[in-house]
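Trainee: Please take me through this model, with a close look at one loop residue and its setting. Then place that against the rest of the fold.

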Amino acid sequence: MLPPATTLPLAGVRVIEIAQNLAGPHAGEILATLGADVIKVERPEGGDDARGWGPPFAGDTAVTFHAMNRNKRGITLDLKHPAGLAELRRLLADADILVQNMRPGMMDQMGLDADSLAAINPRLIYCSLWAFGARGPMRLTPGYEPIVQAFAGIFSINGTPDGPPSRVGMQVLDLGTGVWAALGCLAALLQRGQTGRGTTVDVSLLETAMGWLSIYFAAFKVTGRQPQRHASGNPNVVVFQSLPTADGEIVVAAANDRLFAKLARTVGRPDWATDPRYASNGLRVANKAVLLPELEAIMRTRSKADWAERLEAAGIPCAPINSLADIAADAQLAALDIVETIPEAGLKVVGLPLSLGGERPGIHRRAPQLGEHNADILGHD
């Protein structure tokens, strides 16, 4: 595991994070794990709301906060008072990056807009995370993950065909927007190396949502039709979904004609490979109402483990639908060494999903206690 020192690519980069909840802190966590000195600024009364987003808790702090704020230092500043604003401006005068997801409009109200800060630090990269974007009639509208999932149309394509629209369970917009923010900051650092000046980076949950929807949206613009919900399936590929077995479900990805022919032989229906209804993916999509019930009836005759063995032997991509307990105990996850322990807190969390030179940047600092580094950074408690 790479040590938290000059071997990390962002060593020497100073980041000020004025962010709470998930998206902004996740961007800061990525930069911190890559070696930046990320100073998290919180309000003195209670700090980041995510500190209370539990149970579960580790000590008196929610596990959510620990997971999103490792590898950072933390201070408290009262930005409602001139003294707090002055200290923040002093920190920003020497910073490389600002990451902020304050309520839309608040930074402008406090005189902390990009132009004002560029006047005191022209090399500052000013990264803002919005709900609905930096421009447009909803620029100042706040929003949380499920609100933007609904607004963007993600609900409309998620769920079972005969059920209600549904949200994606994970925080795909919060965490995805954090990744885009970090990527934008890295690109801006490269640009600053060429120009000597900082720039603004703007990302939003809505733009992240539209990025995830890009294939669906392109298809809609061509056809004018709302995509149907497909549960575990894919509207453009058959067979590419979960299938029932005698004791559970298994996902099968026979994603091309060659794999479908192998699947047909494996399930005892080699005639399907030459059946004119199923000879190409487009035909299988058109005739899936006939094909899939026949396939499901065959799959129910054997156990999940039996089918997995047969499908894997035939070279057909497949996987059981695991629980978190299943994947946590899996040998592949252990081989990746992606589950790490936060120092002192003792929490097991997922590390950064990338490796550099074959090594994963590690967790070298637990999430800060509220105001923990005030004395070190500000010179007072």
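Mentor: Element names first: helices are DSSP runs of H or I with at least four residues, strands are E runs of at least two, and both are numbered from the N terminus. The model is a predicted one. With those names, Ile338 sits in the loop that links α16 (331-336) to β12 (339-341). Is Ile338 buried or exposed? The cut-off for buried is under 20% relative accessible area. Ile338 has 12% relative accessibility, so Ile338 counts as buried.

Now its surroundings. Set aside neighbours within four places in sequence, and Ile338 is in contact with Leu333, Val349, Val350, Gly351, Pro353 and Arg360. For a long-range reference, take Cys127: 211 residues separate Ile338 from Cys127 in sequence, and their C-alpha atoms are 28 Å apart in space.

Step back to the whole chain. The protein has 381 residues, 44% of them buried. Its secondary structure comprises 17 helices and 13 strands. The C-alpha atoms fill a box of roughly 75 × 45 × 40 Å along the principal axes. Take contacts between residues at least 6 apart in sequence: 65% of these join residues at least 24 apart.

Next, the sheet. Six strands make an open sheet with parallel pairing, ordered β5-β2-β1-β6-β7-β8. The edges are β5 (73-76) and β8 (200-204); each has a single partner strand, so one side of each lacks a neighbour in the sheet. From one strand to the next, the twist averages 20 degrees. Inside the sheet, β1 (residues 14-18) and β2 (residues 37-42) run parallel and are joined by four bridges. Arg14 has Asp37 in β2 as its bridge partner.

Edge strand β5 holds Thr76. Thr76 has 14% relative accessibility, so Thr76 also falls under the buried cut-off. Beyond four places in sequence, Thr76 is in contact with Glu42, Arg43 and Pro44, and also with Leu370, Gly371, Asn374 and Leu378.

At the other edge, helix α9 (residues 205-212) lies across β7 (125-130) and β8. The angle of α9 to β8 is about 65 degrees.

Now the cores. In soluble globular proteins, nonpolar side chains tend to be buried together. Here the largest nonpolar core has 35 residues, and Val15, Leu31, Ile97 and Val99 have the most contacts inside it. Elements giving two or more residues to this core include α1 (23-33), β6 (97-100), α7 (154-157) and α9. Helix α8 gives the most, with six residues. Val15 shows the local detail: beyond four places in sequence, Val15 touches Leu31, Ala36, Asp37, Val38, Ile39, Ile97 and Val99. A second, separate core has 23 residues, among them Val267, Leu292, Ile298 and Ile316.

Last, a helix pair. Two packed helices are described by an inter-axis angle and an inter-axis distance. For α6 (residues 145-152) and α8 (residues 172-195), the angle is about 95 degrees and the axes are 8 Å apart. That angle makes α6 roughly perpendicular to α8. Glu145, Val148 and Gln149 of α6 meet Val172, Leu173 and Asp174 of α8. By class, the residues of this contact are three nonpolar, one polar and two charged.

Definitions and conventions:
Residues are numbered from 1 along each chain as its sequence is written. This is a predicted model: local features need pLDDT of at least 70, side-chain atom pairs count only at pLDDT 80 or more; totals for chains, interfaces and linings use all residues. Side-chain values use heavy atoms; hydrogens and water are left out. Axes are lines fitted to C-alpha atoms, for helices over the stretch in contact, and angles run from 0 to 180 degrees between N-to-C directions. Angles under 35 degrees count as roughly parallel, over 145 as roughly antiparallel, 65 to 115 as roughly perpendicular and the rest as oblique. Contact means heavy atoms within 4.5 Å. Ala, Val, Leu, Ile, Met, Phe, Trp, Tyr, Cys and Pro count as nonpolar, Asp, Glu, Lys and Arg as charged, and the others, Gly among them, as polar. Two strands pair if DSSP finds at least two bridges between them. Buried means under 20% relative accessible area, exposed over 50%, partly exposed in between (1.4 Å probe, protein chains only). A nonpolar core is a set of buried Ala, Val, Leu, Ile, Met, Phe, Trp, Tyr and Cys residues joined through side-chain atoms within 4.5 Å.
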